[in-house]
Amino acid sequence: MQILLGVISLLLSTALLLTGHGMQLTLLPLRAVDGGMSEVLVGISASAYFLGFIAGCLMNPYLVSRVGHIRAFAVLTALMISAILCLGLFDHWSAWLLLRFLTGTAICGLYTVIESWLNSQAGPESRGRLLAVYTVITLVAMTGGQLLINVGPVSSSVPFTVAALCMALAIVPIGLTRRMAPEPVEPTQTGFRLLFRRSRSAFAGALLSGLVTGSFWSLGAVFARHYSQSQTDITLFMSIAIGGGALLQYPIGWLSDRIDRRRVLVMLAAGALLTSAAVALSAGHAGFLFAVFLFGACSMPLYAMSLATAADVCDGDEFVTIGTSVLLLNALGAVVAPLLLGQLMSQLHVTALFWSFAAISALFCCYLLLQLRSPRAVSVAA
């Protein structure tokens, strides 16, 4: 609780920021399909967003080093607001590619600022729970964002304006905080090799998170639209998946502070396998939304668990390198998967999205199981 009180302004700003961000993640695919874009083009625009994420992983540490956490947060939020308002003005796919790239670059920097700040406040004995609280706030805010989409038709500018308003308000709490931000970090190289050497499980978990949850954010609304044209039904589908992740995130974080986090990653990958298959089988039938809830509960915590696993085994001065590498791997998976899965959905059936999630999760589950046979670089007790 003492740690949480020390970062309350940061967490409040995060909630407002990600309410707006959650709105645009679902709003943009719906607007694209409403404007006549195919699943393939929706997948390409999603890949542009995550390419921006990759660019942000490479550039944003220099920004944080130059101006510090609070100023970097304000600058990147202003860029996000500008890009989202422009997305509401333009419908041509080429403009969308550029604007989605800019959005990805900005939100990646914001995640880097938030997560490095949180990590500086937590020790190994509380990191899992603090990151769990952060992820719960993230997912609850994004769930609220799904519901706010219904303030107006996706074809209008109203939802875009509301999303931008939430993001603008996010600057206020962090701008008024009297708490000292962490010292500006020195920019470092992205270290895939370092991350892989420190924790192969975190490496695999970060990539799995990007492949599955990145594609879900990009194409989940398109999947739901196949079964219902109702904007309310589509946002309910997205909200239930995110809500599942929010409700079980803290118990999963609590468990991971008491047993080997690699075992928790294996359980999440196995759960993602089973629940993805359940969603594909039950689509359009009774029990469909319950399967969606369980899918969110298993897949949404993957990123935070991978980050905590990596943070356990890195030195304090390595966290920006390790954390940026986790973000970049997540983004790489999210760049590649929508391009391929958008094609599969177009050529086969929309359920190919969740059958692909099941196949990917099965592959990574086997790999993560193998990692349990080797000792950790740092023991649970240490």
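A cavity is a set of points, on a 1 Å grid over the protein atoms alone, where a 1.4 Å probe fits but cannot get out; lining residues have an atom within 4 Å of a point. This is a predicted model, where local features need pLDDT of at least 70 and side-chain atom pairs count only at pLDDT 80 or more, while totals for linings use all residues. Residues are numbered from 1 along each chain, and side-chain values use heavy atoms, without hydrogens or water.

**View 1. The lining of the largest cavity.** This cavity holds about 410 Å³ of space (the volume filled by probe spheres set on the points). It is lined by 23 residues. Tyr 111, Met 142, Trp 217, Tyr 303 and Asn 330 lie nearest its centre. Helix H6 (127-148) is among the elements that give two or more residues. H6 gives the most, with six residues.

**View 2. The ring pair Phe 216 and Trp 217.** Rings of Phe, Tyr and Trp (its six-membered ring) pair if their centres lie within 6.5 Å; planes under 30 degrees apart are stacked, over 60 edge-to-face, the rest tilted. By this rule there are 16 aromatic pairs. The centres of Phe 216 and Trp 217 are 6.4 Å apart and their planes are at 65°, so this pair is edge-to-face. Both residues are buried (under 20% relative accessible area, 1.4 Å probe, protein chains only).

**View 3. The ring pair Phe 223 and Phe 237.** Here the centres are 5.7 Å apart and the planes are at 35°, so the pair is tilted. Phe 223 sits in helix H9 (residues 200-227) and Phe 237 in helix H10 (residues 231-256), 14 residues apart. Helices are DSSP runs (H or I, at least four residues), numbered from the N terminus. Both Phe 223 and Phe 237 are buried.

Key: Buried means under 20% relative accessible area, exposed over 50%, partly exposed in between (1.4 Å probe, protein chains only). On a 1 Å grid over the protein atoms alone, a cavity is a set of points where a 1.4 Å probe fits but cannot get out, and a pocket is an open set with protein on both sides within 12 Å along at least five of seven lines; lining residues have an atom within 4 Å of a point.
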